[in-house]
Amino acid sequence: RLIVAETSIMEEAYEVVIEAATKRSVDCVVVDSLGMLVPSEEDAKAMDENSSLGIGARLNAKFFRKIVKATKRSQTDADRPFLGLMINQWYSKVGVIYGSPKESTGGKKKNYAYAVRLDLTRDKWLEGGVGKEKSRIGQTVAATTLKNKTAPNGRRALYDIYFDQGGSVAPGRIDYAKEIATLSILFEIIKKSGSWLSYGDATWQGADNLASAIREDSSLYTALEQAVLERVSS
């Protein structure tokens with residue numbers, strides 16, 4: 001089930017998140033996006049009135065202090081887990097000569113509160129068709145961990161997502177077959193010898209051919225997915 005709380009007012013959005021986490025009514029809350037939330041004080045002002053600087057940053061700091069209690073879960077007893085995802089955008093700081101010009105909205109407090117920070121960027125375009133019919137149908141996304149309290153930091157991962165027809169994956173979907181193929185090789189569920197890959201009596205040359213086989217064979221998809229999940233959870 002998906003519940004949508006449509007608001008651009010920062011206080012209203014944060015109250016929804018805190019209430020959902022406190023009542024343990026959902027498993028995951030996504031705020032999309034942090035950069036587009038407007039404090040009520042700023043929203044009430046006309047365009048020609050001066051904005052009060054730092055309101056959003058102060059509200060963010062207050063929210064992250066309050067959410068700690070709301071998301072606290074038992075370490076010994078069965079308790080419904082909670083995942084919070086905050087989507088934000090990079091902006092360019094003016095006049096930066098040294099260092100990174102990238103900055104995210106919402107103040108510095110949020111960066112200390114996050115358990116994991118991911119930087120998502122496009123690595124390359126995925127194209128479909130040939131000749132004049134060739135077009136961009138998706139992209140490879142690079143996810144880099146800027147901060148990670150749960151695992152080694154500084155890791156980089158790639159995944160393919162499609163937004164148009166013309167490829168082997170439906171629009172709006174991630175290429176899970178390619179992901180399962182990669183993880184199966186990584187965890188040595190698929191045996192590798194040079195460019196050749198094998199699983200049971202089946203063999204393939206290259207990871208792309210393995211991914212194609214996974215898409216076409218639902219039983220292979222299920223078997224490898226289950227093996228990967230068992231390896232991850234062990």
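**Close-ups of a predicted model**

**Figure 1. Glu127 is partly exposed, with a relative accessible area of 46%.** This view, like the others here, comes from a predicted model. Lys134 is the salt-bridge partner of Glu127, and 3.3 Å separates the closest N and O atoms of the two. Lys134 is partly exposed too, at 48% relative accessible area. Both values fall short of the cut-off for exposed, which is over 50%. How many salt bridges does a search of the whole structure find? The count is nine, and the Lys134–Glu127 pair is one of them.

**Figure 2. Asp123 and Arg156 form a salt bridge, with the closest N and O atoms 3.0 Å apart.** This pair ties together distant parts of the chain, since its two residues sit 33 apart. Asp123 belongs to strand 5 (residues 116-128), while Arg156 belongs to strand 7 (residues 156-162). Buried or exposed, where does Arg156 fall? Arg156 counts as exposed, at 52% relative accessibility. Asp123, at 37%, counts as partly exposed.

**Figure 3. Glu103 and Lys108 make another salt bridge.** Their closest N and O atoms are 3.0 Å apart. The Lys108 end is exposed, with a relative accessible area of 53%. For Glu103 the relative accessibility is 22%, which makes it partly exposed; the cut-off for buried is under 20%.

**Figure 4. Strands 8, 9 and 10 form an open, antiparallel sheet, in the order 8-9-10.** Strand 8 (191-193) and strand 10 (202-205) are the edge strands, and each of them pairs on one side only. Going from one strand to the next, the twist averages 25°. Zoom in on strand 8 and strand 9 (residues 196-199), and you'll find three bridges holding an antiparallel pairing. Which residue in strand 9 is the bridge partner of Lys191? That would be Ser198. Helix 6 (residues 207-216) also comes into the picture, lying across strand 9 and strand 10. Helix 6 runs at about 130° to strand 10.

**Figure 5. Helix 3 (residues 55-70) has 16 residues, a good share of them worth a look from the inside.** From its first C-alpha to its last, helix 3 reaches 23 Å, close to the 22 Å expected at 1.5 Å a residue. Its buried residues are Ile55, Gly56, Leu59, Asn60, Ala61, Phe63, Phe64, Ile67 and Ala70. The spacing in that list is worth a thought: an α-helix has 3.6 residues a turn, so residues three or four places apart point the same way. What covers the buried residues of helix 3? The cover includes helix 1 (10-23) and helix 2 (40-44), along with strand 2 (83-87) and helix 4 (109-113).

**Figure 6. A cis peptide bond joins Asp32 and Ser33.** Omega is about 0° for this bond. Where does Ser33 lie? Ser33 sits in the loop that runs between strand 1 (28-32) and helix 2. Asp32 is on the other side of the cis bond.

**Figure 7. Arg24 and Glu188 each have a positive phi, although neither is a glycine.** Let's take Arg24 to begin with: its phi is about 55°. Arg24 is in the loop between helix 1 and strand 1, and it is partly exposed, with a relative accessible area of 29%. For Glu188, phi is about 60°. Glu188 is found in the loop between helix 5 (176-186) and strand 8. At 56% relative accessibility, Glu188 counts as exposed.

**Figure 8. Stepping back, the protein chain has seven helices and ten strands.** Why call the chain more spread out than a compact globule? Its radius of gyration is 22 Å, well over the 17 Å that the globule rule gives for 234 residues, so the chain is more spread out than a compact globule. Along the principal axes, the C-alpha atoms fill a box of roughly 70 × 55 × 40 Å. Of the 234 residues, 28% count as buried. As for contacts with a separation of 6 or more, 51% of them are between residues 24 or more positions apart.

Technical notes. Residues numbered from 1 in each chain as written. Predicted model: local features only at pLDDT ≥ 70, side-chain atom pairs only at ≥ 80, totals over all residues. Heavy atoms only, no water. Salt bridge = Lys/Arg side-chain N within 4 Å of Asp/Glu carboxyl O. Buried < 20%, exposed > 50% of the residue type's maximum accessible area, 1.4 Å probe, protein only. Helix = DSSP H or I, 4+ residues; strand = E, 2+ residues; numbered from the N terminus. Pairing = 2+ DSSP bridges. Axes fitted to C-alpha atoms, helices over the stretch in contact; angles between N-to-C directions. Contact = heavy atoms within 4.5 Å. Expected span 1.5 Å × (residues − 1). Rg over C-alpha atoms; globule rule 2.2 N^0.38 Å.
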